[in-house]
Amino acid sequence: MKYMFVIVALMLTLSSVVPAQTDTSLASTKTPEVMLWGGLSLPYLPLDYRTFWKSGYNIGAGIGYSLDPGSTGYGSFFATLDYGRTNFDTKKYNDSLKLTHPADSAIGGAVTLVNVMVIFKGSFSSTKKSVAPYFLLGVGVMNFTVAETYFTPNTSLTIPGINKWGVSWTFGVGIEAPVTESVRAFVQAKSLLGVTEQTRQYFPITAGVVYTL
């Protein structure tokens, strides 16, 4: 039900952010664009993910189009791919493990998160040639993968790996500024949340560029 709320919110937002056309134009010009970004991934949900995995990296790309600016802003639509990776915090996990299994130690693997999404971007600027704050709303699917956690010498404690798919959605904010006629740079922060066997959530904080094709 939560992802349905996001879809409804997205539809309502479109009506207020995508500008109405003038009398001389029946439809907005659709300008094709490509986005590329990279930065940090901050683990959050579930609790053991936030506790025993370190911040990592996030990279992504998107392709879509933007509409003509209106008096309050303009909208863009993108198909996007996000890849996030966070590494196991061996020291922190083993410090906790000593409380119940002082003779054992653990070796864990990285968590990887892949999101394929459809994104709406609402920019608050009457032109594409000025600094513009924006927000993101999107829905899609997430693949959450974590490697097996090994224990020594008590191998019976081994925790199996996970590889799950689930519905995901995102909300984020950012700001962009023109660099050249066809390139805009941006920084953004967003939440990526997926429903697998448990709710999975992390926060990418990234910087990137938008290329007008």
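These legends go with close-up views of a predicted model.

**View 1. A tilted pair: Tyr49 and Trp53.** Here the rings of Tyr49 and Trp53 sit with their centres 6.1 Å apart and their planes at 55°, which makes the pair tilted. Tyr49 has a relative accessibility of 2%, so we call this residue buried. Trp53 comes in at 12%, so Trp53 gets the buried label too. Across the whole structure, the search turns up 12 aromatic pairs.

**View 2. The aromatic cluster around that pair.** Pull back a little and Tyr49 and Trp53 turn out to belong to one aromatic cluster, along with Phe52, Phe88, Tyr93, Phe144 and Phe151.

**View 3. Two arginines over rings.** Which ring does the charged end of arginine 200 sit over? That would be Phe144, with the charged end 3.8 Å from the ring centre; Phe144 is also one of the cluster members from the previous view. Arg50 does something along these lines with Tyr44: its charged end sits over the tyrosine ring, 4.5 Å from the centre.

**View 4. Strand β10 and its partners.** Strand β10 covers residues 199-212 and pairs with β1, residues 31-45, in the antiparallel sense, with 12 bridges between them. Look for Met35 standing opposite Val210 of β10. Strand β9, residues 183-195, also runs antiparallel to β10, joined by 11 bridges. Val183 has Tyr211 in β10 as its bridge partner.

**View 5. The β9-β10 turn.** How many residues lie between β9 and β10 in their hairpin? Just count three.

Conventions: Residues are numbered from 1 along each chain as its sequence is written. This is a predicted model: local features need pLDDT of at least 70, side-chain atom pairs count only at pLDDT 80 or more; totals for chains, interfaces and linings use all residues. Side-chain values use heavy atoms; hydrogens and water are left out. Rings of Phe, Tyr and Trp (its six-membered ring) pair if their centres lie within 6.5 Å; planes under 30 degrees apart count as stacked, over 60 as edge-to-face and the rest as tilted. Buried means under 20% relative accessible area, exposed over 50%, partly exposed in between (1.4 Å probe, protein chains only). A charge sits over a ring if NZ of Lys or CZ of Arg is within 6 Å of the ring centre and within 35 degrees of the ring normal. Two strands pair if DSSP finds at least two bridges between them. Helices (H or I, at least four residues) and strands (E, at least two) are DSSP runs, numbered from the N terminus.
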